[in-house]
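Got the viewer open? Here is a short walk through the model, one selection at a time.

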Amino acid sequence: MGNLITNLEHSENERGKGDAIVSIKARQTWSLSNLQNGANTNIGLGYSAGSAITTGSNNIVIGGNNGASIATSSNNILIADGQGNLKLTIDSAHIFTITNGLQNFVDDAAAAGGGIPVNGLYRNGSVVMIRVA
């Protein structure tokens, strides 16, 4: 089996030519040396997404996070913003972590006042709630 490394890069937009512009900009995510060290079947979408993964495999990194926290781990999902700040992590033990936690409200009315949409998650103490009204 050969090695497959695919990088999509677009360095500048052509402004004023059409109504919609889609730009995918990525820095090299995995190098051949990462693959030779055992970093297989990783997916990175975003600037430097997953570039720090050395031997971990079967990981998905979305956003600007380099994946340093999972460099040698496998079967993880990281979702970050464009600046690399983690927002959501699902690790290999299926532990789901919202990085900044859920906002705390006493009930649906308070959650609505705090900007939580219908079907959005919040917490009441240590109980996870879904806003229904």
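How buried or exposed is Lys-87? Select Lys-87 and turn on the surface: Lys-87 counts as partly exposed, because its relative accessibility is 39%. Keep in mind as you click around that this is a predicted model.

**Stop one: the salt bridge**

Stay with Lys-87 and add Asp-81 as sticks. Their side chains meet in a salt bridge, with 3.9 Å from N to O. Side chains of opposite charge can pair when their charged atoms come close. The structure holds one salt bridge, so there is no need to hunt for a second, given the 4 Å cut-off for such a pair. What about the cover on Asp-81, the partner? Asp-81 has 22% relative accessibility, so Asp-81 counts as partly exposed too.

**Stop two: zoom out**

Switch to cartoon and colour by secondary structure. You should find two helices and seven strands. Walking from the N terminus, the order is α-β-β-β-β-β-α-β-β. The chain has 133 residues, and 27% of them count as buried. The protein exposes about 8700 Å², with carbon and sulfur atoms supplying 53% of that area. Now for contacts: taking those between residues at least 6 apart in sequence, 5% join residues at least 24 apart.

**Stop three: the sheet**

Next, select the five strands of the open sheet, which has the order 1-2-3-4-5 and mixed pairing. At the edges you'll see strand 1 (43–45) and strand 5 (96–98), each of which pairs on one side only. From one strand to the next, the twist averages 5°.

Work across the sheet from strand 2. Here is what to pick:

- Residues 60–62 are strand 2, which runs parallel to strand 3 and is joined to strand 3 by three bridges. Click Val-61 and look across to Leu-78, which stands opposite in strand 3.
- Residues 77–80 are strand 3, and residues 86–90 are strand 4; these two run antiparallel, with four bridges between them. Check the facing residues: Ile-77 is opposite Ile-90, Leu-78 is opposite Thr-89, and Ile-79 has Leu-88 as its bridge partner.
- Strand 4 and strand 5 also pair in the antiparallel sense, over three bridges. Thr-89 is worth another click, since it stands opposite Thr-97 in strand 5.**Stop four: the two turns**

Which residue takes a positive phi in the hairpin of strand 3 and strand 4? Select Gly-84, where phi is near 95°; this hairpin has five residues between the strands. Then move along to the hairpin of strand 4 and strand 5, which has five residues between its strands. There, pick His-94 in the turn, with a positive phi of about 70°.

**Stop five: two faces and a core**

Go back to strand 3 and show its side chains. In a regular strand the side chains alternate between the two faces of the sheet. On strand 3, Leu-78 and Ala-80 make the covered face, while Ile-77 and Ile-79 make the uncovered one.

What is Leu-78 part of on the covered side? Select Ala-49, Ile-53, Val-61, Ile-70 and Leu-78 together: these five residues make up the largest nonpolar core. Then centre on Ile-70 and show its neighbours. Leaving out residues up to four places away in sequence, Ile-70 touches Ile-53, Asn-59, Val-61, Asn-76 and Leu-78.

**Last stop: Phe-105**

Where does Phe-105 sit? Follow the chain on from strand 5 and you'll find Phe-105 in the loop before helix 2 (108–113). Is Phe-105 buried or exposed? Phe-105 counts as buried, because its relative accessibility is 14%, under the 20% cut-off.

Now show what surrounds Phe-105. Not counting residues up to four places away in sequence, Phe-105 touches Ala-110, Ala-111, Gly-114, Ile-116, Tyr-122, Arg-123 and Asn-124. To finish, pull a distance from Phe-105 to Tyr-122, C-alpha to C-alpha: the separation is 6.9 Å, for residues that are 17 apart along the chain.

Methods:
Residues are numbered from 1 along each chain as its sequence is written. This is a predicted model: local features need pLDDT of at least 70, side-chain atom pairs count only at pLDDT 80 or more; totals for chains, interfaces and linings use all residues. Side-chain values use heavy atoms; hydrogens and water are left out. Buried means under 20% relative accessible area, exposed over 50%, partly exposed in between (1.4 Å probe, protein chains only). Contact means heavy atoms within 4.5 Å. Accessible areas come from the Shrake-Rupley method with a 1.4 Å probe; for residues, only the protein chains shown count as cover. A nonpolar core is a set of buried Ala, Val, Leu, Ile, Met, Phe, Trp, Tyr and Cys residues joined through side-chain atoms within 4.5 Å. Two strands pair if DSSP finds at least two bridges between them. Axes are lines fitted to C-alpha atoms, for helices over the stretch in contact, and angles run from 0 to 180 degrees between N-to-C directions.
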